[in-house]
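Reader: Hi! Could you walk me through how two chains meet in a model? I'm new to this, so plain words please.
Author: Happy to. Let's bring it up and start from one pair of side chains.

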2 protein chains.
Amino acid sequence: MPEQLKTFLQKYVELPDEDWEKIRQDFEKQVFKKDEFILEEGKICRYFYFFEKGLIRFFLNVDGEDVTKNFAIAPYCFTSKVSFRNQSPAKESIQALDETVLWKIDRQQYKKLEELESWNMFMRKLINEIQEFIENRLLESKIYTAEKNYTNLLDRYPAELMQRIPLKHLASFLGVAPQSLSRIRNKLHR
Amino acid sequence: MPEQLKTFLQKYVELPDEDWEKIRQDFEKQVFKKDEFILEEGKICRYFYFFEKGLIRFFLNVDGEDVTKNFAIAPYCFTSKVSFRNQSPAKESIQALDETVLWKIDRQQYKKLEELESWNMFMRKLINEIQEFIENRLLESKIYTAEKNYTNLLDRYPAELMQRIPLKHLASFLGVAPQSLSRIRNKLHR
């Protein structure tokens with residue numbers, strides 16, 4: 001188990017050594033190739049992941065259209081929450097957009113971590129952070145133009161990662177047609 | 001304390017009688033008039049509320065503009081989460097748009113409820129529900145036109161409540177100019 005997870009957890013909580021010893025035990029490494037699926041809509045999300053390296057996107061199918069909900073960069077933790085919690089079919093897909101290194105635990109192993117106060121505190125803070133992030137995104141999508149939302153994205157993510165995201169995924173993430181995003185890009189590069 | 005809160009809690013969790021006896025003890029009624037502020041941006045949110053009756057909106061000031069984040073109808077529970085948890089200045093305002101009946105507990109009283117497993121389970125489910133709601137709103141704002149988002153809103157909220165929301169608040173909630181929403185309304189009523 002990589003030290004990166006320890007460092008990541010310590011950004012949120014104080015982590016007693018004995019807790020870390022329990023946490024590190026079960027995580028198992030899995031590498032995904034570019035464009036490979038980590039989870040397919042309709043399948044059960046069996047794992048909770050620590051995301052060490054790479055680039056992923058969350059998306060779903062709406063009336064036959066592929067809509068990107070979000071991108072994530074490492075280090076982070078993720079799962080498909082409702083599907084993982086209830087072991088029910090996922091309402092979203094997760095895909096590696098670049099070679100991606102993950103560490104995973106299954107539902108049973110996760111339940112053992114829920115006995116640790118440090119883990120529960122970490123998860124509460126992580127969930128709050130994600131919720132705030134989504135609320136801000138919703139607010140920004142209301143108050144800013146597509147152009148401003150795109151430049152915000154450029155400011156937040158490393159340029160070399162942004163270049164690896166296909167235009168169509170960026171466009172559906174921003175809620176605009178690919179042609180509109182092309183126009184915005186051309187205008188900004190001029 | 002009204003039975004409505006009990007009924008509301010029971011929609012989410014099994015509620016042992018002894019837990020309900022503890023929960024009901026501290027809630028105190030407060031009535032807000034139309035347009036009155038329940039919380040002002042920059043002030044500390046001192047209460048967690050059960051919302052028995054009325055209509056409220058959450059909004060904030062962005063570069064001098066009043067932007068509506070959300071509307072809520074009863075019965076529901078709410079607070080300004082970060083502000084209430086940390087007793088720090090709120091980044092949003094909450095306003096009654098109609099005569100509104102609330103029941104409130106302060107941070108100390110709330111902490112007592114956190115000793116109840118039923119309460120913690122209720123809060124986890126409520127927070128999950130709100131998070132799913134926000135995620136869906138974000139998704140809808142991406143994939144649908146303003147007109148479709150408006151008709152969705154009409155489908156979800158009682159018509160007589162919708163009529164009490166000023167056009168400008170509906171417009172900023174939908175992320176469109178008031179003139180655009182007027183045009184959409186005229187088109188739909190034709």
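**Where the chains meet**

Author: This is a predicted model, and in it the side chains of Lys69(A) and Glu135(B) form a salt bridge, with 3.2 Å from N to O.

Reader: Cool! How many salt bridges are there between chain A and chain B?
Author: The count is 2.

Reader: And which elements of chain A touch chain B?
Author: Those giving two or more residues are strands E4 (55-62) and E5 (65-73), plus helices H3 (81-86), H5 (117-143) and H8 (167-174) of chain A.

Reader: Which one gives the most?
Author: That's H5(A), with 13 residues on the side that touches chain B.

Reader: What about the classes of residues on that side of chain A?
Author: You'll find 11 nonpolar, 7 charged and 6 polar residues there.

Reader: How many residue pairs are in polar contact across the interface?
Author: The rule finds 12 such pairs between chain A and chain B.

Reader: OK, switching to area. How much is buried between the two chains?
Author: About 2200 Å², and carbon and sulfur atoms give 59% of that.

Reader: Which residues of chain A lose the most area to chain B?
Author: Gln131(A), Leu138(A) and Lys142(A), which together make up 28% of what the chain A side buries.

Reader: Last thing: what scores does the predictor give the complex?
Author: An ipTM of 0.81 and a pTM of 0.86. For chain A, the average pLDDT is 94, and 99% of the residues score at least 70.

Methods
Residues are numbered from 1 along each chain as its sequence is written. Chains are lettered from A and ligands numbered from 1 in the order in which they are written. This is a predicted model: local features need pLDDT of at least 70, side-chain atom pairs count only at pLDDT 80 or more; totals for chains, interfaces and linings use all residues. Side-chain values use heavy atoms; hydrogens and water are left out. pLDDT is the predictor's confidence in each residue, from 0 to 100. Buried area is the accessible area (1.4 Å probe) that two parts lose on being put together, summed over both. A salt bridge is a side-chain nitrogen of Lys or Arg within 4 Å of a carboxyl oxygen of Asp or Glu. A polar contact is a pair of N or O atoms within 3.5 Å; within protein, one must be able to donate a hydrogen and the other to accept it, and residues adjacent in sequence count only if both atoms are side-chain atoms. Helices (H or I, at least four residues) and strands (E, at least two) are DSSP runs, numbered from the N terminus. Ala, Val, Leu, Ile, Met, Phe, Trp, Tyr, Cys and Pro count as nonpolar, Asp, Glu, Lys and Arg as charged, and the others, Gly among them, as polar.
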